[in-house]
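Colleague: I have some "how do you know" questions about a chain. Can we go through them one by one?

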Amino acid sequence: MKPPVKEAAGTGTPAADGRGNGSDRTAPARLSDAEIAELFRRLKERMPDPRPELDAPNPFCFLVSVVLSAQATDKSVNEATAPLYAAASTPRQMLELGEEGLIRYIRPIGLYNTKAKNVIRLSRQLEEEFGGTLPSTREDLMKLAGVGRKTANVVLNVVFRKPTMPVDTHVFRVCNRTGLAPGRDVLEVEEGLEVRVPAEYALDAHHWLLLHGRYTCTARKPRCGDCVLAGLCRAIF
């Protein structure tokens with residue numbers, strides 16, 4: 001599948017003020033319904049087939065990659081997991097590999113001790129409680145070690161094709177800067193997106209916003225001159 005630790009309180013939850021952390025210093029006016037539809041029309045035109053940037057051969061491996069990606073780049077995760085998934089690509093194989101064996105593959109990612117513990121624990125939970133397959137509800141996914149709300153939402157969106165709205169630091173920043181769904185924390189932004197994103201764009205909305213934040217609406221030096229949202233965005237740089 002190529003598309004993009006229990007999540008610590010505050011991870012990926014920047015303050016909603018300041019140029020680098022979300023919106024401009026004053027809260028931007030919200031976009032109108034017509035402006036929101038135009039925003040997503042433009043993003044879809046620019047990126048007609050958005051995909052996650054984590055490489056994974058199956059749903060289980062995708063879950064593991066998302067867990068490993070906490071406070072790490074997708075590139076570093078992909079480099080570590082390519083040989084890992086050649087050796088272990090199911091919960092049972094991951095358990096056979098064991099924590100120490102797993103660490104040998106993921107050491108370059110960072111936080112590898114905690115992540116290895118969580119991956120082995122969630123592999124055991126999947127085997128013992130879910131028959132070796134991924135559960136398809138947020139509630140059940142969040143029972144797994146290392147899986148918080150954002151990770152669960154990503155898996156629901158990518159694996160089960162549900163129109164969830166995972167909010168990471170990129171999505172949070174774009175939503176606050178543009179006025180799409182301003183919020184003081186990730187949950188407020190997520191809830192805003194759920195009610196404001198038109199149904200026809202809901203399935204891919206998270207990918208468009210994440211990729212736009214990662215490559216165009218960057219934290220320190222946003223590329224406003226190349227932005228397809230010019231004339232809509234409420235931020236001024």
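Modeller: Start with R41 and E38. Both sit in helix α1, three residues apart, about one turn of the helix. Keep in mind that this is a predicted model.

Colleague: What makes R41 and E38 a salt bridge?

Modeller: The N to O distance between their side chains is 2.9 Å. The cut-off is 4 Å, so the pair counts as a salt bridge. E38 and R41 also belong to a network of salt bridges with R42 and E45.

Colleague: Why is R41 called partly exposed?

Modeller: Its relative accessibility is 36%. Partly exposed lies between under 20% and over 50%, so R41 fits that class. E38, at 23%, is partly exposed too.

Colleague: How many salt bridges does the structure hold?

Modeller: It holds 14. One of them joins E35 and R234, with the closest N and O atoms 2.9 Å apart. E35 lies in helix α1 (residues 33–46) and R234 in the segment after α10 (202–215), so the bridge ties together parts 199 residues apart in sequence. R234 is partly exposed, at 29% relative accessibility.

Colleague: What makes E99 and K117 a salt bridge?

Modeller: Their side chains meet at 3.2 Å, N to O. That is within 4 Å, so the name applies. This pair links distant parts of the chain: E99 is in helix α4 (residues 91–106), K117 in helix α5 (residues 112–129), 18 residues apart. E99 has a relative accessible area of 26% and is partly exposed. K117 is partly exposed at 44%.

Colleague: Now the cysteines. Why is C224 not bonded to C227?

Modeller: The closest cysteine sulfur to that of C224 is the one in C227, 6.4 Å away. A disulfide needs sulfur atoms within 2.5 Å, so C224 and C227 are too far apart for a bond. C227 is in no disulfide either; its nearest cysteine sulfur, in C233, is 6.2 Å away. The count of disulfides is zero.

Colleague: Is C227 buried or exposed?

Modeller: C227 is buried. Its relative accessible area is 19%, and buried means under 20%, so the label follows. C224, at 40%, counts as partly exposed.

Colleague: What does the whole chain look like, in helices and strands?

Modeller: There are 10 helices and zero strands. Buried residues make up 50% of the 237 residues. The chain exposes about 11100 Å², and carbon and sulfur atoms supply 50% of that area.

Note on methods:
Residues numbered from 1 in each chain as written. Predicted model: local features only at pLDDT ≥ 70, side-chain atom pairs only at ≥ 80, totals over all residues. Heavy atoms only, no water. Buried < 20%, exposed > 50% of the residue type's maximum accessible area, 1.4 Å probe, protein only. Helix = DSSP H or I, 4+ residues; strand = E, 2+ residues; numbered from the N terminus. Areas by Shrake-Rupley, 256 points an atom, 1.4 Å probe, with all protein chains shown as cover.
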